[in-house]
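Please work through the following exercises with the sequence and the model side by side, and try each task before reading its solution.

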Amino acid sequence: MTNTKVSTVTKYACFRGRLVIVGFGSIGQGVLPLILRHIDLDPDKITIVTAEERGHEIADEYGIRFVREPLTPENYRQVLSPLLSAGDFLLNVSVDVSSLALIEFCRDRDVLYLDTCIEPWLGGYTDTSLSPSLRSNYAYREAALKLRRPGQAPTAVVTHGANPGLVSHLLKRALLNLAADTGVEVATPSTRQEWAKLMHRLSVKVVHVAERDTQIADRPKKVGEFVNTWSIEGFVGEGCQPSELGWGTHERSLPPEGHRHDFGCDAAIYLNRPGASIRVRSWTPNEGPFHGFLITHSEAISIADYFTLANGHGVEFRPTVHYAYHPCDDAVLSLHELAGKSWEMQPNKRLMGSEIVAGIDELGVLLMGHAKGSYWFGSQLGIDEARALCPHNNATSLQVTISVLAAMVWAMENPRAGVIEPEEMDFERILDICLPYLGKVVGVYSDWTPLYDRGRLFPEDIDVGDPWQFKNFRVS
């Protein structure tokens, strides 16, 4: 796919309200220049509210008001009420601040809202007074969807970064590409059921959000230090949650520690282990086969639910969907050390920025089980290109921040959509905005399966009758 050239003068939206950015870590810092570049708004109407001092110098660079004030269950309404009223926008890129509380606050005040994941208050991810089911992304999603109300309500876009978010739009484009390449004539679906029928017709059994981050720094990770290319707190939080995946109708049996939820849509299962302790086999074009972490992500649940095809007797079709993530090598070492310390965070943290000297973030969707085997479609964005495209970003953050910008524009264009997920949005509009910032966007077919070269050194328990069973992806 050919990307259009980035234009620094293109304004995708005109917004006359106020904008409050909650949180100002790597994503907040990276999205601010994109907002100022592509949305026509008054910088004097932007306020950053964040718990930490980091990023203050970037706010000063752009002349943006910076308020250091941690939001808590006790004070968030008091802090935010003077800053937001009808027609304004709250962009939530924080950690440890309840998304559900902010969504309700925005609905009460007729304020637009967007987040990149559904966050609980501080400690929610590891609250052992709750069952693993109740501190899962499945549970957080169900709670967010319960906030929907009949009739029009201010738009609240939930879980829209790169993943979750962008990958759902890449998936729709990938399905259309696959249909064209296999001779399946189809008009672009316009409803959820039509999309599910298309995926079923194409015999896609499994979808991985397959990501390999190869960015490296000019100094190695130290003992007692957690290093990553994006939010360390966010990554550790989701890595300590129970591992989760959308559960397909082709699967023959649950994993040994797999459980269904006793509420909600029933589109996903969870494993009674932290996601950062479970690895799966996957594939990307540059990397080839790799072992990734089965980290819980909302898109594994929302995609599986969205593409569920039901009939009068129950569920006829649903794909298995999950994240397969190989972070940068220093982050892998950091996770190994974290697990060895019983999931206690290291005393030091380092978010990789200017010290990155090489590498790409290869992020896409891997569709498997269809007539052509496997098909990966996504972004291959290098660090040098990311820096040239937008300041205060690396390859990983830019894939997220441009997706945040695109969803903000969509919300401004569709201000009365209520609580909405990425799969329900206009994928073509989102991709039009994102593509110029995603580097090389490619679709690549492969004959790879999770049985590739298995048993070469040691015999394994594999299901040769159906390579697309989850047991074949999981690393023992």
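**Exercise 1. Determine how many helices and strands the chain has, and how its radius of gyration compares with the globule rule.**

Solution. Counting helices as DSSP runs of H or I with at least four residues and strands as runs of E with at least two, numbered from the N terminus, the secondary structure of the chain comes to 14 helices and 25 strands. The model is predicted, so local features need pLDDT of at least 70 and side-chain atom pairs count only at pLDDT 80 or more, whereas totals for chains, interfaces and linings use all residues. Residues are numbered from 1 along each chain as its sequence is written, and side-chain values use heavy atoms, with hydrogens and water left out.

Next, take the radius of gyration over C-alpha atoms and set it against the globule rule, which is 2.2 Å times the number of residues to the power 0.38. The chain has a radius of gyration of 21 Å, close to the 23 Å that the rule gives for 476 residues, so it is as compact as a globular protein of that length. Along the principal axes, the C-alpha atoms fill a box of roughly 60 × 55 × 50 Å.

Then turn to burial, where buried means under 20% relative accessible area, exposed over 50% and partly exposed in between, with a 1.4 Å probe and protein chains only. Of the 476 residues, 61% count as buried. Finally, with contact meaning heavy atoms within 4.5 Å, residues 24 or more positions apart account for 74% of the contacts with a separation of 6 or more.

**Exercise 2. Describe how the axes of helix α6 and helix α13 cross, and list the residues that make the contact.**

Solution. Two packed helices are described by the angle between their axes and the distance between the axes. The axes are lines fitted to C-alpha atoms, for helices over the stretch in contact, and the angles run from 0 to 180 degrees between N-to-C directions. For α6 (residues 166-181) and α13 (residues 427-434), the axes come within 9 Å and cross at roughly 110 degrees. That makes α6 roughly perpendicular to α13, given that angles under 35 degrees count as roughly parallel, over 145 as roughly antiparallel, 65 to 115 as roughly perpendicular and the rest as oblique.

On the α6 side the contact is made by L166, H169, L170, K172, R173 and L176, and on the α13 side by F427, E428, I430, L431 and C434. By class, this contact has seven nonpolar, one polar and three charged residues, where Ala, Val, Leu, Ile, Met, Phe, Trp, Tyr, Cys and Pro count as nonpolar, Asp, Glu, Lys and Arg as charged, and the others, Gly among them, as polar.

**Exercise 3. Find the buried residues of helix α7 and say where around the helix they fall.**

Solution. In α7 (residues 192-201), the buried residues are W195, A196, L198 and M199. Seen down the axis, these buried residues fall within an arc of 160 degrees, so they line one face of the helix; the arc is that of the directions from the helix axis to the C-beta atoms. They pack against α6, β9 (206-213), α9 (298-306), β17 (309-311), β18 (314-317) and α13.

Among these partners, α9 has nine of its nine residues buried, so it is largely enclosed by the rest of the structure.

**Exercise 4. Locate T159, D96 and P164, and state what is notable in their backbone geometry.**

Solution. Most residues other than glycine have a negative phi, and most peptide bonds are trans. T159, although not a glycine, has a positive phi of about 60 degrees; T159 lies in the loop between β8 and α6 and is buried, with a relative accessible area of 2%. D96 also has a positive phi, near 65 degrees, in the loop between β6 (89-92) and α4 (99-109), but D96 is partly exposed at 29%. The peptide bond from N163 to P164 is cis, with omega near 0 degrees, and P164 is placed in the loop between β8 (156-157) and α6.

**Exercise 5. Which residues does V280 touch, and is V280 buried or exposed?**

Solution. V280 is in strand β15 (residues 279-284), and at 0% relative accessibility V280 counts as buried. Not counting residues up to four places away in sequence, V280 touches F290, H291, G292, L294, H322, Y323, A324, F470, F473, R474 and V475. One of these residues, H322, is 42 residues from V280 in sequence and 9.7 Å away in space, C-alpha to C-alpha.
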